[in-house]
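Thanks, everyone; I would like to walk through one model this morning, starting from its charged contacts and moving on to rings and strands. Please have a look at it on the screen before I begin.

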Amino acid sequence: MTGTVYKSTGSWYTVKSENGDFLECRMKGKFRIKGIKSTNPIAVGDIVDYELEETSDALTGTIHKIHERKNYIVRKSVNLSKQIHIIASNIDQVFLLVTIDNPPTTTSFIDRFLVTAEAYGIEAVLIFNKIDTLNDQTLDDQLYLQHIYQEIGYKCLRISSTENKGVDKLKEMMIGKVSMFSGHSGVGKSTLVNAMEPSLHLKTTVISEQSKQGQHTTTFAEMYDLSFDARIIDTPGIKGFGIVDMEPSEISGYFPEFFKLKDQCKFNNCLHKEEPHCAIKAALEKDEIAWSRYNSYLKILEGDEEHYRTDNYGEDRAASDETRK
């Protein structure tokens with residue numbers, strides 16, 4: 001029998017059968033996907049084959065095969081740095097929820113996420129959420145950030161879940177697709193899903209005023225069928241986003257605005273740091289490339305994993321002047 005994994009708790013998997021029934025399944029033996037060491041070999045979105053088994057309590061299943069994935073998105077495991085965590089698979093698009101200060105989402109975090117989406121061939125859309133909470137300064141910051149990513153070519157949406165602004169536009173983009181929602185804890189993923197599909201009643205919480213960070217309300221990734229012919233994968237909030245196994249020479253290829261200029265560099269193996277006649281550095285000096293993006297590139301290139309949440313938008317804007325001093 002074949003079905004789709006809708007929820008993973010690490011030991012049990014909720015599988016939706018081809019006839020629409022849900023069944024709790026376990027994994028049979030160990031799975032290795034293309035030699036990748038993963039903390040969760042079976043992920044939400046996987047198409048699996050399973051066998052029914054009857055226990056004294058209920059009818060369950062045993063998963064014995066994972067079908068080839070169309071795609072998947074990963075990050076480094078939080079506790080096991082040499083392993084990866086597969087967030088979800090077989091995704092049509094991913095929406096990254098961004099908030100300015102409630103809690104703050106840094107450009108470093110955004111860029112790491114976008115680089116990973118580019119590397120795994122998944123369309124990424126930025127959702128600037130909680131626009132109803134912005135004041136004059138934070139509104140300016142939000143529009144500045146939106147301008148950066150729209151200039152690169154990323155789709156951006158401005159949304160207020162509580163005031164239902166932009167929600168209909170988002171729903172239109174999701175029709176007929178499997179969409180993944182991601183972002184820091186507290187950025188409003190569950191609130192936004194509830195705004196689109198009130199019958200789900202996903203648990204939400206408030207932001208800590210002291211830390212400006214949210215509390216985890218989604219414990220495990222889970223897929224939901226929505227009433228407007230769409231499926232969504234809601235994921236737990238994440239603090240940092242570790243880049244997985246990228247060679248230094250390939251990283252700039254996942255920055256679309258860098259990729260367009262790479263062939264204009266004098267050296268084919270240019271890393272866009274100290275090399276002469278570098279097209280990326282030249283564009284940077286002309287403010288044709290955002291300094292925040294270049295700083296993110298350098299951090300990824302240098303393997304810097306420790307500063308996910310130290311940036312702020314004022315620093316991003318000042319980077320150009322500071323670098324020229």
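Asp111, Glu257 and Arg293 are linked in a network of salt bridges, where a salt bridge is a side-chain nitrogen of Lys or Arg within 4 Å of a carboxyl oxygen of Asp or Glu. Before going further, let me say that this is a predicted model, in which local features need pLDDT of at least 70 and side-chain atom pairs count only at pLDDT 80 or more, while totals for chains, interfaces and linings use all residues. Residues are numbered from 1 along each chain as its sequence is written, and side-chain values use heavy atoms, with hydrogens and water left out.

Within that network, the side chains of Arg293 and Asp111 meet at 2.8 Å, N to O. This pair links distant parts of the chain, with Arg293 in helix H8 and Asp111 in helix H1 (residues 107–119), 182 residues apart; helices here are DSSP runs of H or I with at least four residues, strands are runs of E with at least two, and both are numbered from the N terminus. Are these two partners buried or exposed, taking buried as under 20% relative accessible area, exposed as over 50% and partly exposed as in between, with a 1.4 Å probe and protein chains only? Arg293 counts as buried at 0% relative accessibility, and Asp111 is likewise buried, with a relative accessible area of 0%.

The count comes to 9 salt bridges by this rule. Another of them joins the side chains of Asp225 and Lys16, at 2.6 Å from N to O. Because Asp225 lies in strand E12 (residues 222–226) and Lys16 in strand E2 (residues 13–17), the pair ties together parts that are 209 residues apart in sequence. Asp225 is partly exposed, with a relative accessible area of 35%, and Lys16 is also partly exposed, at 22%.

Turning to the rings, a search of the whole structure finds 9 aromatic pairs, meaning rings of Phe, Tyr and Trp (its six-membered ring) with centres within 6.5 Å, and with planes under 30 degrees apart counted as stacked, over 60 as edge-to-face and the rest as tilted. Phe255 and Tyr297 make an edge-to-face pair, 5.7 Å centre to centre with 85° between the planes. Since Phe255 lies in the loop between helix H5 (248–251) and helix H6 (256–259), and Tyr297 in helix H8 (residues 291–301), the pair ties together parts that are 42 residues apart in sequence. Phe255 counts as buried at 0% relative accessibility, as does Tyr297 at 0%. Phe255, Phe258, Trp291, Tyr294 and Tyr297 form one aromatic cluster. Helix H8, then, holds Arg293 of the buried salt bridge as well as Tyr297 of this ring pair.

Finally, the strands. In strand E11 (residues 178–182), 5 of its 5 residues are buried, so the strand is mostly covered. Val178, Met180 and Ser182 point one way from E11, whereas Ser179 and Phe181 point the other way. Strand E8 (residues 93–98) pairs with E11 in the parallel sense over 4 bridges, where pairing requires that DSSP finds at least two bridges between two strands. Val94 stands opposite Met180 in E11. E11 is also joined by 4 bridges to strand E13 (residues 230–234), again running parallel, and there Phe181 stands opposite Asp234.
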